[in-house]
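This note collects points for discussion on the structure shown below. It proceeds from a single residue to the cores, the domains and the nucleic acid surface.

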Amino acid sequence: MSEKKNWWGFAGPVVGVRVYRNDVRVVRSGRPFAGDVEKVSPIRGMVHELTWKSRRRLMFTALNSNVDFGLMITLTYPRVFPQSGKEVKANLRDFLRHMRKRAFYGQFEYLWFLEFQKRGAPHIHILCDLSLPCDVRERREMYACVSMLWAASVATTNVDHLKAGTRTERLRSQDGGRRYVAKYASKTEQKKVPVNFQDVGRWWGCSRGVPPIEPPLVHCSEVELRHWLKVGGWEYLPDKHTPMYSVLYNAAKHLPSDQEYDIIEL
DNA sequence: GCCCGGATTTTGATTTATAT
DNA sequence: ATATAAATCAAAATCCGGGC
């Protein structure tokens, strides 16, 4: 009796899982295909849109990061705005560098992502781990400081821009930032680049402390994994003929707690 | 403040076997 | 032909510390 095979048929069997804060990665043994094909060096194309692949990476990073994003800063341009991604990124780089250098901010972990407004203007959201001061006056100082840094970064003397260029807001819950990213990443509308805009570059990025550290491998078979997920009530368990995907979203909380695993040190 | 450059991250292209 | 998921590769973009 010939068994049905699919894309995963040439990948190895499930060896274990890595349980992140929110998601679970399935680890398989073996290689997906033999590496004896002649290696060509593909020429990279231009970035045209925010792809689903990129969205998934962003989601994974945000949802599993150990950084708590309590604050969101939104940077906007005035009526006149750059038509090149390089210019936008230069502004962003300046801004982030200045923010990081501020002694009173201490450590500054951030995750930014790019959007385009209807008018075609680029628009950057920055999630970060800063907290707003309780004191009203201090808080205003902070708002002003952020505004000034952004204004300086875009090298503008436009007073209107000073006021309208930034928005600094506290996110309701600890997971508010994560949810915001999920919303951004899962928007069905296409994230295309406006026609006149050049060299978009990356759509999102983060500081080095944001990406989650790889958790230890927890050895298990596919049968065991399916059992745990079923018992745990994970809703998206595929039927027996469909492979377990390499990333199981929102599955972490449906698995048994750490102590019940046989943790293997790396 | 600004610039340089090494380290690291994000990205598109390519690859795999099989079903449609 | 085309779609599929994911691993891999190298290019390009970004990060970040150090020098000025």
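**Notes on the predicted model**

1. T166 counts as buried, because its relative accessibility is 12% and the cut-off for burial is under 20%. The model in which this value was computed is a predicted one. T166 belongs to strand β6, which covers residues 166-170. The side chain of T166 makes a polar contact of 2.8 Å with the side chain of S147. When neighbours within four places in sequence are set aside, the residues in contact with T166 are T74, L75, V146, S147 and W150.

2. The largest nonpolar core has 50 residues, and the members that touch the most others are I73, F95, M99, I126 and W203. Elements that each supply at least two residues of this core are α1, β3 (71-76), α2, β4, β5 (122-128), α3 (136-153) and α5 (176-186). Strand β4 provides the largest share, 6 residues.

3. W203 merits separate inspection. Beyond its neighbours within four places in sequence, W203 is in contact with V47, E49 and L50, among others. The contacts of W203 also include W112, F113, L114 and F116, as well as Y184, K191, K192 and V193.

4. A second core, separate from the one above, consists of 14 residues, including V218, L229, W234 and A252.

5. How is chain A divided into domains? Domain 1 spans 52-206 and domain 2 spans 216-257. The C-alpha centres of these two domains are 35 Å apart.

6. L217 is located in the loop between β7 (204-206) and β8 (218-219). Is L217 buried or exposed? At 13% relative accessibility, L217 counts as buried. L217 and L111 are 106 residues apart along the chain, and their C-alpha atoms are separated by 27 Å.

7. G45 lies in a loop as well, between β2 (24-28) and α1 (52-64). G45 has a relative accessible area of 55% and is therefore exposed, the cut-off for that class being over 50%. Between the C-alpha atoms of G45 and E214 the separation is 30 Å, with these positions 169 residues apart along the chain.

8. Which residues are closest to DNA strand C? They are K89, R97, R100, R202 and S246, out of 15 residues that surround the strand. By class, the residues of this surface comprise 6 nonpolar, 2 polar and 7 charged. Helix α2 (85-101) and strand β4 (110-116) each supply at least two of them, and α2 gives the most, with 3 residues.

9. Of the atoms of DNA strand C within 4 Å of the protein, 64% belong to sugar or phosphate, and the rest belong to bases. Individual side chains illustrate both kinds of approach. An N or O atom in the side chain of K89 is 2.4 Å from a phosphate oxygen of DNA strand C. For the side chain of W112, an N or O atom is 2.9 Å from a phosphate oxygen of the strand. In the case of R97, the side-chain N or O atom is 2.4 Å from a base oxygen of DNA strand C.

10. Two residues connect the points above. W112, whose side chain has an N or O atom 2.9 Å from a phosphate oxygen of DNA strand C, is also in contact with W203. W203, in turn, is among the members of the largest nonpolar core that touch the most other members.

Notes. Residues numbered from 1 in each chain as written. Chains lettered and ligands numbered in written order. Predicted model: local features only at pLDDT ≥ 70, side-chain atom pairs only at ≥ 80, totals over all residues. Heavy atoms only, no water. Domains from an automatic or database assignment. Helix = DSSP H or I, 4+ residues; strand = E, 2+ residues; numbered from the N terminus. Buried < 20%, exposed > 50% of the residue type's maximum accessible area, 1.4 Å probe, protein only. Polar contact = N/O pair within 3.5 Å; in protein donor to acceptor, adjacent residues only side chain to side chain. Contact = heavy atoms within 4.5 Å. Near = heavy atom within 4 Å. Nonpolar A, V, L, I, M, F, W, Y, C, P; charged D, E, K, R; others polar. Core = buried A, V, L, I, M, F, W, Y, C linked by side-chain atoms within 4.5 Å.
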